[in-house]
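Colleague: Thanks for making time to go through this model with me. Could you show it, so that we can take it piece by piece?

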Amino acid sequence: MGSDVLPCYVACDVSPSMTDHLDEVNAGLREFRGAVHADPPAAARTRVCVIGFAATATVLQPLRPAAELTGLRAPVARAGTDFGPAFTLLRETIAHDVRTLEAQRLRVHRPVVFFASDGRCTDPATWPGAFAALVDPSWPAHPTVIAFGLGAADRGTLDRIGTSGVFLGQDGIRLGTALAVSVVRPTRRSGRTGPSTTRPLPLHGPDAPCVGEHRADQRG
């Protein structure tokens with residue numbers, strides 16, 4: 001096997017309700033890109049994909065080195081903020097990317113999903129099923145999920161999504177800081193001796209280790 005790769009997926013709510021937060025999101029992406037660039041081991045390992053969702057979900061930026069990460073455009077004026085399509089697309093995209101990376105003989109670490117939204121979905125009855133499929137422990141490539149709440153976030157919903165951590169902007173935490181803590185810090189730890197939270201994925205069997213198993217208790 002060749003070099004290590006940590007795939008990171010930023011799933012961002014781009015519905016009209018997020019218009020006032022777009023500058024904050026783009027500033028956070030720039031801060032995260034700078035934090036990765038300043039840490040050579042993290043820069044070498046981290047690849048980032050950006051997914052936007054509203055009534056539907058789409059890949060805005062396919063998986064690429066973090067240095068190539070760019071900002072988001074203005075939200076599309078589509079009614080609805082459905083979480084379910086985002087989780088479904090995340091599972092499909094992660095599965096495809098992991099296969100592609102392994103075909104390149106890269107060692108793939110547990111994917112990280114960073115989910116950013118105000119937490120006010122329009123599909124409350126259906127998204128939990130799609131989310132359960134995404135984090136199903138019997139799926140070897142299931143990701144660790146961190147949630148970030150923007151604006152007057154629905155904390156209860158985000159608590160259900162951020163199985164490995166929840167950050168809230170209203171607590172004074174910047175999106176870029178939360179991303180860096182969730183991705184760069186675990187990547188740095190994986191280069192040290194001793195236990196690592198970013199071990200490569202054994203893509204067979206249910207005992208695959210998880211990246212970033214750190215519950216973020218910065219909730220105030």
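Colleague: Which residue meets the side chain of Arg174 in a salt bridge?

Modeller: This is a predicted model, where local features need pLDDT of at least 70, side-chain atom pairs count only at pLDDT 80 or more, and totals for chains, interfaces and linings use all residues. Residues are numbered from 1 along each chain as its sequence is written, and side-chain values use heavy atoms, with hydrogens and water left out. A salt bridge here is a side-chain nitrogen of Lys or Arg within 4 Å of a carboxyl oxygen of Asp or Glu. At 2.8 Å from N to O, the partner of Arg174 is Glu31.

Colleague: How many residues apart in sequence are the parts that this pair ties together?

Modeller: Helices (H or I, at least four residues) and strands (E, at least two) are DSSP runs, numbered from the N terminus. Arg174 sits in the loop between strand 7 and helix 6 (175-189), while Glu31 belongs to helix 1 (residues 22-37), so the parts tied together are separated in sequence by 143 residues.

Colleague: And is Glu31 buried or partly exposed?

Modeller: Buried means under 20% relative accessible area, exposed over 50%, and partly exposed in between (1.4 Å probe, protein chains only). Glu31 has 28% relative accessibility, so it counts as partly exposed.

Colleague: How many salt bridges does the rule give?

Modeller: Besides the pair of Arg174 and Glu31, Arg45 bridges to Asp4 with the closest N and O atoms 3.9 Å apart. Asp4 also bridges to Arg107, where the closest N and O atoms are 2.6 Å apart. The count comes to three.

Colleague: Which residues are linked with Asp4 in a network of salt bridges?

Modeller: Asp4 in strand 1 and Arg107 in strand 4 (residues 107-108) are 103 residues apart. Arg107 is partly exposed, with a relative accessible area of 36%, whereas Asp4 is buried at 12% and Arg45 is buried at 18%. Linked with Asp4 in the network are Arg45 and Arg107.

Colleague: Which residue of strand 4 is the bridge partner of Asp4?

Modeller: Two strands pair if DSSP finds at least two bridges between them. Strands 1 and 4 pair in the parallel sense over two bridges. In strand 4, Asp4 has as its bridge partner Arg107.

Colleague: How many bridges pair strand 1 with strand 2?

Modeller: One partnership to look at is Val10 of strand 1 with Val50 of strand 2. The pairing of these strands is in the parallel sense, and the number of bridges is eight.

Colleague: Which residue in strand 5 stands opposite Tyr9?

Modeller: Strand 5 runs parallel to strand 1, and five bridges join them. Opposite Tyr9 in strand 5 stands Val113.

Colleague: How many of the 10 residues of strand 1 are buried?

Modeller: On one side, Asp4, Leu6, Cys8, Val10 and Cys12 are all buried, and so are Val5, Pro7, Tyr9, Ala11 and Asp13 on the other. The strand is largely enclosed by the rest of the structure, because the buried residues number 10 of the 10.

Colleague: With cysteines in that strand, what is the count of disulfides?

Modeller: A disulfide is a pair of cysteine sulfur atoms within 2.5 Å. For Cys8, the closest cysteine sulfur is that of Cys49, which at 9.2 Å is too far for a bond. The count of disulfides is zero.

Colleague: Which helix gives the most to the largest nonpolar core?

Modeller: A nonpolar core is a set of buried Ala, Val, Leu, Ile, Met, Phe, Trp, Tyr and Cys residues joined through side-chain atoms within 4.5 Å. The largest has 33 residues, with Phe87 and Ile161 making the most contacts inside it. Among the elements that each supply at least two residues are strand 1 (4-13), helix 4 (127-134) and helix 5 (155-161). With eight residues, the element giving the most is helix 3.

Colleague: Last one: is Gly149 buried or exposed?

Modeller: Gly149 is found in strand 6. Contact means heavy atoms within 4.5 Å, and, leaving aside neighbours within four places in sequence, Gly149 is in contact with Ser117, Leu158, Phe167, Leu168 and Gly169. Its relative accessible area is 1%, so Gly149 is buried.
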